[in-house]
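Trainee: I have a model open and would like to read it step by step. Can we go through it together?

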Amino acid sequence: MSLLIPDWLFTILPLAILLAALFWGAPLIALVSELTAMITGKPFPARCAQQMSRLAVAGHGAAWICAAMGG
């Protein structure tokens with residue numbers, strides 16, 4: 001049994017990987033950055049956490065829209 005994947009599907013594969021990384025990775029990075037900011041008292045990790053949270057919200061929205069369109 002072989003897996004037949006059309007060539008055009010490989011062009012959108014990086015987008016799917018990016019959305020998966022945003023879906024699961026960005027909230028974890030934001031949490032770790034926020035905890036680092038609380039422990040060290042430095043402002044950069046807190047700003048990084050805010051930006052990662054915004055990116056995660058956008059990634060979640062895009063992932064659910066793509067899932068709704070595909071399914």
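**Core and helix pair**

Mentor: Start with the core of this predicted model. Its largest nonpolar core has five residues in all: Leu22, Ala26, Ala30, Met52 and Ala56.

Trainee: Which element gives the most to this core?

Mentor: Two elements, H1 and H2, give two or more residues to the core. The largest share is three residues, and it comes from H1.

Trainee: What does Ala30 touch, not counting residues up to four places away in sequence?

Mentor: Ala30 is one of the core residues. One of its partners, Met52, is listed in that core too. The full set for Ala30 is Ala49, Met52 and Ser53.

Trainee: How do H1 and H2 run relative to each other, roughly parallel or roughly antiparallel?

Mentor: H1 covers residues 9–40 and H2 covers residues 43–70. Their axes lie 8 Å apart, at an angle of about 160 degrees. Angles over 145 degrees count as roughly antiparallel. So H1 and H2 are roughly antiparallel.

Trainee: Which hand does the crossing of H1 and H2 have? And how many nonpolar residues are in their contact?

Mentor: The crossing of H1 and H2 is left-handed. Their contact includes five polar residues and one charged residue. The nonpolar count is 19.

Trainee: Is Ser33 buried or exposed?

Mentor: Ser33 is found in helix H1. Leaving aside neighbours within four places in sequence, Ser33 is in contact with Pro45, Ala46, Cys48 and Ala49. Its relative accessible area is 12%. Buried means under 20%, so Ser33 is buried.

Conventions
Residues are numbered from 1 along each chain as its sequence is written. This is a predicted model: local features need pLDDT of at least 70, side-chain atom pairs count only at pLDDT 80 or more; totals for chains, interfaces and linings use all residues. Side-chain values use heavy atoms; hydrogens and water are left out. Axes are lines fitted to C-alpha atoms, for helices over the stretch in contact, and angles run from 0 to 180 degrees between N-to-C directions. Helices (H or I, at least four residues) and strands (E, at least two) are DSSP runs, numbered from the N terminus. Angles under 35 degrees count as roughly parallel, over 145 as roughly antiparallel, 65 to 115 as roughly perpendicular and the rest as oblique. A crossing is left-handed if the near helix is turned anticlockwise from the far one by less than a right angle, and right-handed if clockwise. Ala, Val, Leu, Ile, Met, Phe, Trp, Tyr, Cys and Pro count as nonpolar, Asp, Glu, Lys and Arg as charged, and the others, Gly among them, as polar. Buried means under 20% relative accessible area, exposed over 50%, partly exposed in between (1.4 Å probe, protein chains only). Contact means heavy atoms within 4.5 Å. A nonpolar core is a set of buried Ala, Val, Leu, Ile, Met, Phe, Trp, Tyr and Cys residues joined through side-chain atoms within 4.5 Å.
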